[in-house]
Protein chains: 2
Amino acid sequence: MENKEENKNFTINLEPIGKRIVLDSPKNGMEAIVDSGIGLKSVCGGKGTCGKCRIVVMGDGSQRISETEKKALGKEELKHGVRFACQQVFDRDMTIYIPASSLTEEQKLQITGEETAMRVDPVFNKYCLKVKPPSLSDMKADFSRIRDGLKEKHNVIADSIDYSVLKYMPGILRQHSWEATVCLRNGEVILAEGGDRTSEAYGIAIDLGTTKIAVLLVDLLSGKTIGKKGVMNPQIHFGEDVMSRINYAMQNPEDAKKIQAVVIEQINKTVQELAEKSGISTDSIIEMTVVGNTAMHHIFLGLPVKQLGLAPFVALTDIPHLIKAREIGINITPGGYVYMLPVIAGFVGSDHMAMILATGIDDMDGNFLGIDIGTNTEIVLKSKNGIESVSTASGPAFEGAHIKYGMRAAPGAIERVVIDPESCRPGIQTINDKKPVGICGSGILDAIAELLKAKIINNRGKFQPERGCLCRDENGKLQYMLEPCAYEDRHCRKEDIMEQAAEDNQEAGLLTCLEGRISINQTDIVEIQLAKSAIRTGIDVLLENAGIGFKDIDRIIIAGAFGSYIDPKNVVNIGMFPDVSIEKIVQVGNAAAVGAKMVLISSALRNKAEYISSRAKYLELTVFPTFADHFAKSTLFPEPSEII
Amino acid sequence: MENKEENKNFTINLEPIGKRIVLDSPKNGMEAIVDSGIGLKSVCGGKGTCGKCRIVVMGDGSQRISETEKKALGKEELKHGVRFACQQVFDRDMTIYIPASSLTEEQKLQITGEETAMRVDPVFNKYCLKVKPPSLSDMKADFSRIRDGLKEKHNVIADSIDYSVLKYMPGILRQHSWEATVCLRNGEVILAEGGDRTSEAYGIAIDLGTTKIAVLLVDLLSGKTIGKKGVMNPQIHFGEDVMSRINYAMQNPEDAKKIQAVVIEQINKTVQELAEKSGISTDSIIEMTVVGNTAMHHIFLGLPVKQLGLAPFVALTDIPHLIKAREIGINITPGGYVYMLPVIAGFVGSDHMAMILATGIDDMDGNFLGIDIGTNTEIVLKSKNGIESVSTASGPAFEGAHIKYGMRAAPGAIERVVIDPESCRPGIQTINDKKPVGICGSGILDAIAELLKAKIINNRGKFQPERGCLCRDENGKLQYMLEPCAYEDRHCRKEDIMEQAAEDNQEAGLLTCLEGRISINQTDIVEIQLAKSAIRTGIDVLLENAGIGFKDIDRIIIAGAFGSYIDPKNVVNIGMFPDVSIEKIVQVGNAAAVGAKMVLISSALRNKAEYISSRAKYLELTVFPTFADHFAKSTLFPEPSEII
């Protein structure tokens, strides 16, 4: 939106990193990407022969194909927009997907939060038994033999057997001298293995995010996570945010299947990798638990999402679902199940439910706020009234979108900002200490809080040029530079200051930076202001509804990948939580993944989650009587005096 | 086997009719088939243009293809051996499959037996309800809306919903102003329909036989059968009997899948036809029940059958199975189930279980025998010791196989035989009063009994040429002619009698018939003798084991298609059941299909069947101490004085 006045230029969106490049003239793809600070693999030096710099040009397939690409890439690849960055020219608005395999460094993906102590209480049991082989004087069916053995030796009843297990069990029994380990789940035999395998049982817990998928391989007997991996959600091909995914899936049944298939495929691939790394077979993985927002939940199950894209945005189902993994193409043991924690509403998913479970707020006395900041920010309040949640459209600003130099938390992203209130000079810290490439959510949050503190913006978010800390961009718009210029003693070159000030007839100290370095502009501040207001409004409504105030809150739990990188002080400083001492704020990281793991290893916790979910209430903000008042009030930032 | 001496000739096996033609010189396929008495469709008169006389030349694909066939038939058809009968020459031992569509008349397939009065007691319930559409002030999930409506209006709990129903339910609700009928099965929503559909519910009951499949479309609310069809089991392509099917399925996983796929496809096709005929959608079919012998049961479920083909011939499972129809590709409502009645042992299938249920012998006081005659004959004895079953390898003689002129019960088969004890002349009756083509099981049984009564054979089954009622075939073997010669006053022509008698130096009255008409020879009698002995042995062992005698039996129930065509008097006369008054014998037809229907419409009967099955015992004949003695004794036929 902020680029509308720059229509002579063109913008290149780099996905899934979430970085935008603005170019004013055509530029070689590889150069453009590398110049923007992203490490792209290349061995041949841009000759198009090594094939390392594969990118995907998104959108219609009308892009040019070089002769080199035609020769080196397969028909299918070409059809799907696969190209070599070094062979492409970026000369128009484009969206480019850079696969992880083409990047020199992987993205920073947080995959587990703080795990509270968990008691293992499996949803299954494994039993080893040796049975007599059949003979003409003992012609019992294979399964009866196992069933009777279980009863006699272990005093348990096997009511049924998954029919896929029946398919391979006779082979197992005969190959292992009629000694087998069977896994019983709620009276059903779901796995049979040769010999004694009672000391092995594995499961997978997944936090299926719109952007990221966290996959944990868990030893179900010890409760230990023995492997984990964070991968990008490949659905990003079909749209960056939840709404664009919903729109894609709504188009026709084929597209709905496709968007389901890519995520299943990615999960299968990651599970396979984790299993191989741990030296186990995916056939010994008994169960998978999946949490995610409601759209991810529905798409994963292949359910329609049209009603999630249209008011009043309702979920199709809010009960737990237990389905055979094979029904949706998940490759674990053929008789295994996928357990889906219940979602709460159209915009409050099972990831939120998992977060509630993982943070344990249900068990605590007092008033607790739990927040997972994202494009939609889900907020839960636990008070004596029980558990109530809201979802608020905070927008993607904290994920780096709609911010001029915004990007996701990848190497080179500015993640910490301090501003010296005297000199106005910034101090920055980037992820992996790389050369700055852009700014990610935690950096933006810091920057705004520091700008407020340094009085460079006022409590309405307006730049205060009289502070003499700003300069102009190439279009004359005010900006605050986050990087010092090449001349380290100033933000911008003296020559430019004087020249430009004279030319523009501006007061001194209002500089124009001609170097295009990373900065924060007024539009960026407005985006953050809106995001913060949305979240604050959600909190205010929840508190009003429960009849309590901020001072009554005993603890604020910030969950989610983003939430664990931010500086809690600055969350208070921008007014998201006023009147709250920082000690009350706890960052728990990816609590959703922890919740997914909890319901994987413990049937008691699963029951508890289902119980919580059956009582959890959803509060629709937009119909709350004082919603508009709250929203209007919450756009203001705190006064500088309130900044801590 | 009896054709070994005729190795100058060649034999054409016509399937699935079970008729064999012996030719001594090459013959056009259509002529050979039509001359054997089988009505083959033809419009063009053998020019190969109408395509009506399609046959399948079984075995390797090396047969010749005429130019006409090459033009008229598709590649796939040619590859699978499809040819035109009129374009083929039968000039070697061949097996020819004649599809029903090429026959002028359908085979006689019995599809239902005597239905006892059945109380409808469905395994599901349907409820109509209208719910409020969602709004911003009422954002409940679709399924919660339905669940709450069910609770409020009907006071029932829906614990879960099949995920395939979730896929289409949102559309149904929105298209029908939020009025829907949901079908609840054991707490699970398995079907959702728009508007009020509570007065409609359908199910399918199937008796899956090795040769035939009986399919019943049942109104689950009234219990009435509203459509039925008997079709050939298309697996006959892969082998005629159970053992050859098992051998085929054992070869490799692809073949196992193929042999499962053809039967599923045939069932889907038949269900579709029955549904269309009744003007209903297959989507409104809620459940299917399937019974069959253990091999059919296992193959239908895609289970391995190797262990059924090797001693000690054990089943893989003998518990009931309830699986989602879609899991095995059965096209009924997406959330619907297939219920498989339990099998009892490797050679006592769920069709036997269904027969036990249908005949109600479990409820009766006294001693009851139930018999289903086939290649394997299953026999159940209900006595004060409970229910015990045996399976006996009676061979395919009663199905017309291994009998020189044997065939299955198709039009033109001799089904009744009487022999005048004075003149030795036969009276015959054929199916549909067609010109005789061969002899089916009931006809053979009659013939043997009448031969005994007329003392043409003795109680060891030996032909008694001195009775003057026999003649010789072209190889000089003794035979009894079932058709009079063209000269109606004699069996064979006088001229031939004299000439041949002189030439062979034989006594007068031992005639040679040169016309190749339908007859019974010594080998045929031995086959029946073995079949009868096997069955009698099974009965004797069961009785000895229960400590009772034939006189203690209150009723003998003969089930199965074959059993309903035979003359009970002659079953006694050949000594299968000695000392039993005919009044005690009841023929109940296809009791297996009735049993399948009973468990379809009544959950009480389903529970009862599962209870019976859990108590039913299987007795392995071959390890029974007195088995050999019984068998030796039972080969004898009764003395003529004992014939009634």
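The following conversation concerns a predicted model, its interface between chain A and chain B, and one pair of packed helices.

Trainee: How many residues does each chain give to the contact?
Mentor: Chain A contributes 42 residues, and chain B contributes 42 residues.

Trainee: What area is buried between chain A and chain B?
Mentor: About 3,500 Å² is buried between the two chains, and carbon and sulfur atoms give 68% of that area.

Trainee: How many salt bridges cross the interface?
Mentor: There are four salt bridges between chain A and chain B. In one salt bridge, the side chain of B:Arg147 meets that of A:Asp318, at 3.6 Å from N to O.

Trainee: And how many residue pairs are in polar contact?
Mentor: Twelve residue pairs are in polar contact between chain A and chain B, both residues being at pLDDT 80 or more.

Trainee: Which elements give two or more residues to the side of chain A that touches chain B?
Mentor: They are helix H4 (142-154), strand E9 (160-161), helix H5 (163-175) and strand E16 (321-324) of chain A. The largest share, five residues, comes from H5(A). By class, this side of chain A has 22 nonpolar, nine polar and eleven charged residues.

Trainee: Turning to the helices, at what angle do H10 and H16 of chain A pack?
Mentor: Helix H10 (residues 350-359) and helix H16 (residues 591-601) of chain A pack at about 80°, and their axes are 7 Å apart.

Trainee: Why are H10(A) and H16(A) called roughly perpendicular?
Mentor: The term applies because angles of 65 to 115 degrees count as roughly perpendicular, and the angle here is about 80°.

Trainee: Which residues meet there?
Mentor: Among them, A:Asp351, A:Met355 and A:Leu357 are in H10(A), while A:Val594, A:Gly595 and A:Met598 are in H16(A). The residues of this contact comprise ten nonpolar, two polar and one charged.

How values were computed: Residues are numbered from 1 along each chain as its sequence is written. Chains are lettered from A and ligands numbered from 1 in the order in which they are written. This is a predicted model: local features need pLDDT of at least 70, side-chain atom pairs count only at pLDDT 80 or more; totals for chains, interfaces and linings use all residues. Side-chain values use heavy atoms; hydrogens and water are left out. Axes are lines fitted to C-alpha atoms, for helices over the stretch in contact, and angles run from 0 to 180 degrees between N-to-C directions. Helices (H or I, at least four residues) and strands (E, at least two) are DSSP runs, numbered from the N terminus. Contact means heavy atoms within 4.5 Å. Ala, Val, Leu, Ile, Met, Phe, Trp, Tyr, Cys and Pro count as nonpolar, Asp, Glu, Lys and Arg as charged, and the others, Gly among them, as polar. Buried area is the accessible area (1.4 Å probe) that two parts lose on being put together, summed over both. A polar contact is a pair of N or O atoms within 3.5 Å; within protein, one must be able to donate a hydrogen and the other to accept it, and residues adjacent in sequence count only if both atoms are side-chain atoms.
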